[in-house]
Amino acid sequence: MPNQVRALRLALNLTQREVAARAGITRQTLSLIEKNDYNPSLKLCLQLCYILNATLDQVFWVAPTEEI
Amino acid sequence: MKRITDERLILRNFKNIRLAFALENLVLIGFLIAQAAQTGDWSNLFAWDNPLVIILMTGCYTLVVLSVGIRAAIDDKPKHSWVAVALLGVVLLTVITGLFYFLMLGQRRFLLALLCGAIVTAVVLAIDLYYRFNSPTD
């Protein structure tokens, strides 16, 4: 699923390892999420939003015309 | 050992367990067939005095009983259909009694096979009825 995790993480100057540790996941999983290769659960999406100081629609919103 | 909190790894672990279960059962069935081929006694392929059969059947019955919950949970049809319950009971009783009679008891002791079939049917129907009338998803 397309998302803005990478862009928001870089804007906050955080590394993948830091975000992953705070979300309770592995760095590999975060990398897969950023590359749209893994669809996280809603619970994990919310955790990532809290860490990135953004709302769910800012991070994970996909327009109906885009491919999920 | 460190506790896994990563949801992706937890899901992968479940998939691994499923694969291991399937592989284990295939090996068990292979061993049973090999045993029967060695002894030449195919009528006792699923005899209860064989520990491998008990292990195989424990896994199979656990899967069957747990699958009932999954089927009922995703079922959108009317829940209060007693005809469906009766039909399920008759089919289960016939199939499981048949399995016991022909595969495990060597076509002897029909009453015992019927009793085993009735017990398994009662357990499965009880779980099915629970989900039909007390589904936690309602």
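Read from one end of the sequence to the other, chain A runs α-α-α-α-α. That amounts to five helices and zero strands, in what is a predicted model. Of the 68 residues in chain A, 22% are buried. Among the contacts in this chain with a separation of 6 or more, 55% come from residues 24 or more positions apart.

H4(A) is a good place to start looking at the inside of the chain. This helix spans residues 42-52, and its buried residues are Leu44(A), Leu48(A), Ile51(A) and Leu52(A). Viewed down the axis of H4(A), these residues fit within an arc of 90°, so they line one face of the helix. The spacing follows a familiar rule: an α-helix has 3.6 residues a turn, so residues three or four places apart point the same way. On the face turned away from the buried side of H4(A) sit Leu42(A), Lys43(A) and Tyr50(A), which are exposed. As for what lies over the buried residues of H4(A), the cover includes H1 (5-11), H2 (16-23) and H5 (56-60) of chain A, and also helix H1 (7-39) of chain B. Right after H4(A) comes Asn53(A), with a positive phi near 55°.

H2(A) can be read in much the same terms. Val19(A), Ala20(A) and Ala23(A) are the buried residues of H2(A). Around the helix axis they take up an arc of only 100°, which puts them on the same side of H2(A). Cover for the buried residues of H2(A) includes H1, H3 (27-34) and H4 of chain A. Just past the end of H2(A), Gly24(A) has a positive phi of about 75°.

H2(A) and H4(A) also come up as a packed pair. In general, two packed helices are described by the angle between their axes and the distance between the axes. Here the angle is about 125° and the axes of H2(A) and H4(A) are 10 Å apart. That value makes H2(A) oblique to H4(A), and the crossing of the two is right-handed. On the H2(A) side the residues involved are Val19(A), Arg22(A) and Ala23(A), and they meet Leu44(A), Gln47(A), Leu48(A) and Ile51(A) of H4(A). By class, the residues of this contact split into five nonpolar, one polar and one charged. Val19(A) and Ala23(A) thus appear both among the buried residues of H2(A) and in its contact with H4(A). Likewise, Leu44(A), Leu48(A) and Ile51(A) are buried in H4(A) and take part in the meeting with H2(A).

Between the chains, five residues of chain B are in contact with seven residues of chain A. The side of chain B that touches chain A consists of one nonpolar, one polar and three charged residues. Helix H1 of chain B, as noted above, is part of the cover over the buried residues of H4(A).

Within chain B, one glycine is worth a look. Gly117(B) belongs to helix H4 of chain B, residues 110-133. With 20 other C-beta atoms within 10 Å, Gly117(B) is buried; the cut-off for buried is 20 or more. Beyond its neighbours within four places in sequence, Gly117(B) is in contact with Leu93(B), Ile96(B), Thr97(B) and Phe100(B). Taking Phe100(B) from that set, Gly117(B) is 17 residues from it in sequence, while their C-alpha atoms are 7.4 Å apart in space.

Definitions and conventions
Residues numbered from 1 in each chain as written. Chains lettered and ligands numbered in written order. Predicted model: local features only at pLDDT ≥ 70, side-chain atom pairs only at ≥ 80, totals over all residues. Contact = placed C-beta atoms within 7 Å. Nonpolar A, V, L, I, M, F, W, Y, C, P; charged D, E, K, R; others polar. Buried ≥ 20, exposed ≤ 12 C-beta atoms within 10 Å, placed from the backbone. Helix = DSSP H or I, 4+ residues; strand = E, 2+ residues; numbered from the N terminus. Arc of directions from axis to C-beta. Axes fitted to C-alpha atoms, helices over the stretch in contact; angles between N-to-C directions. Parallel < 35°, antiparallel > 145°, perpendicular 65-115°, else oblique. Left-handed = near helix turned anticlockwise from the far one by under 90°.
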